[in-house]
Amino acid sequence: MNHLTFDSFALRPELRQGIQDLYYKRPTPIQAEAIPVILAGKDVVAQAPTGTGKTAAFVLPILERLQPHKRDIQALILTPTRELSIQIAAEIAKLGKHLDVQVLSLHGGTDIERQISKLERTVQIVVGTPGRVLDHLQRGTLHFGRISWLVLDEADKMLEMGFLDDVAQIIVSTPQDRQALLFSATMPDTVKQLAARFMKQPQHIRIEHGQKTVEHIRQVYYVVNQSDKLDALLDLIDSTRPYLAIIFANTQQRVQTLAARLQQLGYDAEALYGDLSQKKREKLMRDFRSVKFQFLVATDIAGRGLDVEGVTHVFNYDLPTDVDDYVHRIGRTGRAGNTGIATAFFNRGNRGIVR
């Protein structure tokens, strides 16, 4: 059992205040294992499922050792999606609030000239997607010659999305003596090869799917006919009264149809899917985090990386075909020690993950 507290890491007072402001209680297993190793200056390859608190596992030691009065970029964090980049930058800003840390998210869908203007001022931590970071590097508006930390977050997803060459080009632009930290939900050969190529005797940390991750999530399922799914969902919503809920469907059309039906019935629901403009997606997520609506109906675009505090329920209206997608979906609730309920609907004809 993990008896550590955040005080065990002897972090600077300003950082401890940031942790208290966010009501973090005890370190999660990935935090307990990774933070001391990162503070010791070692390269790390960490395999941890979504929802385990891995962002703070690398952000806290970086903030502990960051030099707030230096104007240089000291850390680069690469992430696969715009949403995750924005989310990590926001968490850094919150945890580092009392250190006056300057962080910038570099991602597509935002005016590059505005980003260039911000880079001309003090920026100590850059979080970004590979394509936009590489764009800045090639323009000469970004330099990583003095960074101390390089983080590859959701490395498997980044490579799966075809960013290998971009990531390799960016890594080459960083100093040899920087500390490299790689976090990944799965560890395919491409990720192992990347680690072997660019990391110095990394320490390997692995948090199993069942280890402290889903024990806070109660998983239930219902066998229903396809035609009865909506009624079953409405009955559960009315009986369980979620604070915030994410409802997953497998296609954009089903997401749009279900969200529209819920709206017609008087539920505060919105649809999230890939064809939405970046501006609309960002506004949608801001509104959801601010509890301006209660039910987010989504495709698997929301299955990874979207960390929304207070999601009490996840409903798998449609089952995914992949077990990892299922784990990522239910990981939207029960995060970092909180409890959550994940519900799945299936019938005996399902060709999904249930056999």
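In strand β6 the residue that bridges to Ala46 is Phe183, and this pairing is a convenient place to enter the model, which is a predicted one in which local features need pLDDT of at least 70, side-chain atom pairs count only at pLDDT 80 or more, and totals for chains, interfaces and linings use all residues. Residues are numbered from 1 along each chain as its sequence is written, and side-chain values use heavy atoms, with hydrogens and water left out.

Ala46 belongs to strand β1, residues 44–47, where strands (E, at least two residues) and helices (H or I, at least four residues) are DSSP runs numbered from the N terminus. Strand β6, residues 179–184, runs parallel to β1 and is joined to it by four bridges, two strands being counted as paired if DSSP finds at least two bridges between them. Strand β7, residues 203–206, also pairs with β1 in the parallel sense, over four bridges, and there Ala46 stands opposite Ile205. Along β1, Val44 and Ala46 point one way while Val45 and Gln47 point the other way, and all of them are buried; buried means under 20% relative accessible area, exposed means over 50%, and partly exposed lies in between, with a 1.4 Å probe and protein chains only.

A similar description can be given for strand β11. Phe295 and Val297 point one way from β11, Leu296 and Ala298 point the other way, and all are buried. Strand β9, residues 244–248, runs parallel to β11 and is joined to it by four bridges, with Ile246 opposite Leu296. Strand β10, residues 269–272, is likewise parallel to β11 and joined to it by four bridges, and here Ala271 stands opposite Val297.

Which residues have the most contacts inside the largest nonpolar core? They are Ile30, Phe58, Leu63, Ile92, Ile125 and Phe183, in a core of 39 residues, where a nonpolar core is a set of buried Ala, Val, Leu, Ile, Met, Phe, Trp, Tyr and Cys residues joined through side-chain atoms within 4.5 Å. Helix α3, residues 54–65, gives the largest share of this core, seven residues. Apart from this core lies another, of 37 residues, which includes Leu230, Leu234, Ala249 and Ala269. Returning to Ile125, and leaving aside residues up to four places away in sequence, its contacts (heavy atoms within 4.5 Å) include Ile62, Leu63, Ile77, Ile92 and Val103.

The packing also leaves some empty space. Rolling a probe the size of a water molecule over the atoms shows where such space remains. On a 1 Å grid over the protein atoms alone, a cavity is a set of points where a 1.4 Å probe fits but cannot get out, a pocket is an open set with protein on both sides within 12 Å along at least five of seven lines, and lining residues have an atom within 4 Å of a point. Grid points are joined across faces, edges and corners, and a volume is the space filled by probe spheres set on the points. There are three cavities of 30 Å³ or more, and the largest holds about 50 Å³. Its lining includes Leu150, Ile171, Arg178, Ala180 and Phe198, and β5 (149–152), β6 and α9 (189–198) each supply at least two of the lining residues. By class, this lining has eight nonpolar, no polar and one charged residues, with Ala, Val, Leu, Ile, Met, Phe, Trp, Tyr, Cys and Pro taken as nonpolar, Asp, Glu, Lys and Arg as charged, and the others, Gly among them, as polar.

The second largest pocket has a volume of about 420 Å³, and among its 19 lining residues Leu104, Ser105, His107, Thr110 and Lys118 lie nearest its centre. Two or more lining residues come from each of α4 (82–95), β3 (103–106), α5 (112–119) and α12. This lining divides into five nonpolar, eight polar and six charged residues.

Two backbone angles deserve a last look. Most residues other than glycine have a negative phi. Ala10, however, has a positive phi of about 55°; Ala10 lies in the segment before α1 (13–21) and, at 58% relative accessibility, counts as exposed. Val291 also has a positive phi, near 55°, and lies in the loop between α12 (278–289) and β11 (295–298), where its relative accessible area of 33% makes Val291 partly exposed.
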